[in-house]
Amino acid sequence: MLGWYQARLAARPLLTQAVTTSILFAVGDITAQQLVEKKGAEKHDLARTGRMALYGGTIFGPAAATWFKVLQRHVNLRSANATILARVACDQGLFAPTFIGVFLSSMAVLEGTSPKEKLERNYTNALTANWMIWPFVQMVNFKLVPLQHRLLFVNVISIGWNCYLSFLNSS
């Protein structure tokens, strides 16, 4: 399976990363609905899963893939550890606050509700939870994971994170 993924990644990197992100965002939502909220198959909100997949594949996947390349190209200090810390600081100080807002706003628009209200209700909790988890994940990511696999690593960890975001967004 990894060989197949590697081949797709080499041939069409952005498309492969977008599709992978879409699938794993949907998995996060399915996990939220079935394991956390215990909705059962008959009450599963397919539109909600579709919104998560759409956001993951069209917004987050391409943006995060590009972001990791920007960090790799432009954030380089004298020592490897300083570079990692600077990349984590950029990621958590710029990308995370921005894309939590983009996520919540996008979901509100797709649901036909008010982005302003959703941001007021959920943004601070989501960003605070993000800062409890993602700095450590990104340290491992930037230290150990090759550039072409960073988004996949984030996406796998994100199954749990997206479960949380989907649950937060729906509450």
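Rings of Phe, Tyr and Trp (the six-membered ring for Trp) count as a pair here when their centres lie within 6.5 Å. With that cut-off, a search of the whole structure, which is a predicted model, turns up nine aromatic pairs. Two of them share Phe95, and they make a nice contrast.

| Pair | Centre to centre | Angle between planes | Geometry |
|---|---|---|---|
| Phe60 and Phe95 | 5.9 Å | 65 degrees | edge-to-face |
| Phe95 and Phe99 | 4.4 Å | 20 degrees | stacked |

Take Phe60 and Phe95: this pair ties together distant parts of the chain, with Phe60 sitting in helix α3 and Phe95 in helix α4 (residues 80–111), 35 residues apart. Both Phe60 and Phe95 are buried.

Why does the other pair count as stacked? The ring planes of Phe95 and Phe99 are at 20 degrees, and planes under 30 degrees apart are classed as stacked. Phe95 and Phe99 both belong to helix α4 and are four residues apart, about one turn of the helix. An α-helix has 3.6 residues a turn, so residues three or four places apart point the same way. Phe99 is buried, as is Phe95.

Zoom out a bit, and these rings turn out to be part of one aromatic cluster, made up of Phe25, Tyr55, Phe60, Trp67, Phe95, Phe99 and Phe103.

Now for helix α3 itself. It runs over residues 46–74, and its 29 residues reach 40 Å from first C-alpha to last, close to the expected 42 Å. Even so, α3 bends by about 40 degrees at Gly56. At the start of α3, a side-chain oxygen of Asp45 comes to within 3.2 Å of the backbone nitrogen of Ala47.

Definitions and conventions: Residues numbered from 1 in each chain as written. Predicted model: local features only at pLDDT ≥ 70, side-chain atom pairs only at ≥ 80, totals over all residues. Heavy atoms only, no water. Helix = DSSP H or I, 4+ residues; strand = E, 2+ residues; numbered from the N terminus. Expected span 1.5 Å × (residues − 1). Bend = angle between axes of the 7 residues up to and from the residue. Polar contact = N/O pair within 3.5 Å; in protein donor to acceptor, adjacent residues only side chain to side chain. Phe/Tyr/Trp six-rings, centres within 6.5 Å; stacked < 30°, edge-to-face > 60°. Buried < 20%, exposed > 50% of the residue type's maximum accessible area, 1.4 Å probe, protein only.
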